[in-house]
Amino acid sequence: MSSRRGVGLSAFQNRSALSTQYASHGASLRSNHASSLQNQLSVFQSLLHNFAIQHGDTIKSNPTFRAEFARMCNAIGVDPLAGSNVKGKSGSKGKGSWWAQTLGGDVNDFYFELAVRVVELCRATRGENGGLIGVEECREMVGKGKGIGGGMDISDDDVLRAVKSLDPLGSGFSVVTVGSRQMIRSIPKELNTDQSTVLEAIQVLGYVTCSMLEDNLAWSSARSETVMQDLLADSLVWVDAQALEKAYWSPSSMGLDDL
């Protein structure tokens with residue numbers, strides 16, 4: 001006869017009680033941890049608010065300092081442009097963006113004004129570049145006052161944030177990467193793989209021809225001709241028909257002095 005005893009009802013009850021205690025203790029730890037993180041975040045945000053007020057003039061006037069401050073905001077989950085499409089001045093129910101609430105309307109208005117200038121510049125140059133302009137080129141042209149109003153002391157980061165502020169409007173403006181460059185796309189059309197490859201090659205070589213594409217990429221003549229004609233139709237490349245073979249250039253890859 002076996003001498004082993006079966007598991008009694010009390011053992012099941014003890015195990016159930018122990019599981020309940022573990023679950024309760026785990027929930028308490030999670031709650032305390034979440035509360036601690038929330039308190040730390042509140043402290044960080046308070047310090048960031050005080051820092052913004054103390055250095056407000058520098059944030060408004062220095063593009064490098066402004067870019068670093070914006071990155072610091074993002075690191076703790078504060079989006080400076082959140083709510084930017086809601087004005088924070090009298091006569092409006094909204095509070096405006098974090099910029100406007102912390103530093104007043106000047107910085108908020110700065111990004112609105114910059115976004116307007118970027119839109120105006122992109123539309124003015126669309127016939128030359130097909131709606132694809134480099135972020136650096138855009139920054140330099142706006143900085144020199146080539147657009148409405150005078151020049152502005154801005155950084156590439158300012159331009160990127162200004163373009164991002166247009167998202168709620170469904171404007172079709174976006175930032176795309178072609179090769180190693182960030183470009184502002186002002187018409188709602190995606191580049192296909194072949195078009196991106198050609199534009200990247202033009203960045204490196206300065207220009208391309210159909211025979212260059214066929215020799216280096218093993219493309220067929222029809223494929224090369226098709227992609228170049230598509231880019232030419234969208235004004236993304238210019239053609240030099242005076243050479244022995246047509247050479248294609250991209251205005252967005254040229255320096256400002258070349259335009």
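This section describes the three-stranded sheet of a predicted model and the helix that lies across two of its strands.

The predicted protein has an average pLDDT of 76, and 76% of the residues score at least 70. Confidence falls below 50 over residues 83–94, a stretch that has 19 contacts in the model beyond near neighbours in sequence.

The sheet is open and comprises 3 strands in the order β1-β3-β2, with antiparallel pairing. Its edges are formed by β1 (132–134) and β2 (174–178), each of which pairs on one side only. From one strand to the next, the twist averages 40°.

The pairing of β2 with β3 (residues 181–185) is antiparallel and extends over 5 bridges. Within this pair, V175 has I184 of β3 as its bridge partner, and V178 stands opposite R181 in β3. The two strands form a hairpin with 2 residues between them, where G179 adopts a positive phi near 65°.

On the other side of the sheet order, β1 pairs with β3 in the antiparallel sense over 3 bridges. Here the bridge partner of I133 is again I184 in β3. Residue I184 is thus a bridge partner of both I133 and V175, in keeping with the placement of β3 between β1 and β2 in the strand order.

Helix α6 (residues 135–143) lies across β1 and β3. The helix runs at about 75° to β1, one of the edge strands of the sheet.

How values were computed. Residues numbered from 1 in each chain as written. Predicted model: local features only at pLDDT ≥ 70, side-chain atom pairs only at ≥ 80, totals over all residues. Heavy atoms only, no water. pLDDT = per-residue confidence, 0-100. Contact = heavy atoms within 4.5 Å. Pairing = 2+ DSSP bridges. Helix = DSSP H or I, 4+ residues; strand = E, 2+ residues; numbered from the N terminus. Axes fitted to C-alpha atoms, helices over the stretch in contact; angles between N-to-C directions.
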